[in-house]
Structures are given as C-alpha cells and as structure tokens.
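Hi,

Here is the structure I promised to pass on. Have a look at it first, and then read my notes below.

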Amino acid sequence: MPPYPPELMDDDKAVVRTFRARLAAGEEEMLPTSMVERMIGGESAVRVRRERRGVSSAELAKRAGVSSAFVSQIEAGKRPGSPATLRRIADALGIAVDDLV
C-alpha cells in the first residue's frame with residue numbers, strides 16, 4: 001500500500017504534511033544526494049543502505065540469516081537475491097524492501 005492515500009495526492013500541502021509526520025515518526029528517511037547518486041550510478045542499494053546504517057556485510061548477513069558471501073554477491077550484482085531474501089535484508093536494515101529495488 002502506498003504511504004499516501006490516493007485522495008491526498010491531489011492536495012500537495014496534505015502530502016507534504018503527511019510526509020513530514022512520517023519523517024518525524026521515523027517511517028520515512030531522507031538520503032544525502034551523494035548516496036542517491038551512487039544508487040543512480042548503478043551501485044547496489046543494499047551496499048549503500050548498509051553503509052548508511054554503519055553495518056558490516058558480515059553483521060548484515062547475520063541479522064538477515066544469510067551467508068556473508070551471499071550478501072557480497074548481491075552487493076556486487078552477481079546474484080539478484082530472491083524477494084524473500086531482500087525482505088530479510090530490508091528488515092535487518094530497518095527499511096522497506098521497496099528501498100532496495
């Protein structure tokens with residue numbers, strides 16, 4: 001489900017208020033331009049988000065219940081990661097899986 005009800009999408013001020021409330025509640029996150037540019041440039045969202053959280057790949061793997069080699073392969077683009085695996089990684093990072101795809 002989108003974070004913004006469809007009826008609010010026509011009201012820019014309501015969307016901004018909703019975003020600000022979600023941001024204050026920790027349900028949204030703003031990323032520095034440099035991180036966005038890295039992901040636009042093709043760098044793995046898993047790696048960028050992991051580094052943003054200050055988590056090692058080994059720690060992420062442990063939290064997500066996958067091998068560190070698998071995390072490295074996902075970050076290197078050698079393996080895509082199943083939807084279930086990406087969900088576990090997202091949960092381990094405290095983000096929505098949509099932020100990884």
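**What I found**

Let's start with helix α1, bearing in mind that the model is a predicted one. This helix covers residues 12-24, so at 1.5 Å a residue its 13 residues should span 18 Å, and the end C-alpha atoms are indeed 18 Å apart.

Which residues of α1 are buried? They are A14, V15 and T18. Looking down the axis of α1, you'll see its buried residues fall within an arc of 100°, so they line one face of the helix. That fits a general rule: an α-helix has 3.6 residues a turn, so residues three or four places apart point the same way. On the face turned away from the buried side of α1 you'll find the exposed residues D12, K13, R17, R20 and A24.

F19 also lies in α1. Is F19 buried, exposed or partly exposed? It counts as partly exposed, because its relative accessibility is 26% and the buried class is under 20%. Just after α1, have a look at G26, which takes a positive phi of about 80°.

Now for the largest nonpolar core, which has 18 residues. Among its members, V46, L60, V66, I89 and L100 touch the most others. Helices α3 (45-53), α4 (57-64), α5 (68-76) and α6 (83-93) each supply at least two residues of this core, and α6 gives the most, with 5 residues.

Try clicking on L60: leaving aside neighbours within four places in sequence, L60 is in contact with V46, R50, V55, V71, I89, A92 and L93.

Cheers

How values were computed: Residues numbered from 1 in each chain as written. Predicted model: local features only at pLDDT ≥ 70, side-chain atom pairs only at ≥ 80, totals over all residues. Heavy atoms only, no water. Helix = DSSP H or I, 4+ residues; strand = E, 2+ residues; numbered from the N terminus. Expected span 1.5 Å × (residues − 1). Buried < 20%, exposed > 50% of the residue type's maximum accessible area, 1.4 Å probe, protein only. Arc of directions from axis to C-beta. Core = buried A, V, L, I, M, F, W, Y, C linked by side-chain atoms within 4.5 Å. Contact = heavy atoms within 4.5 Å.
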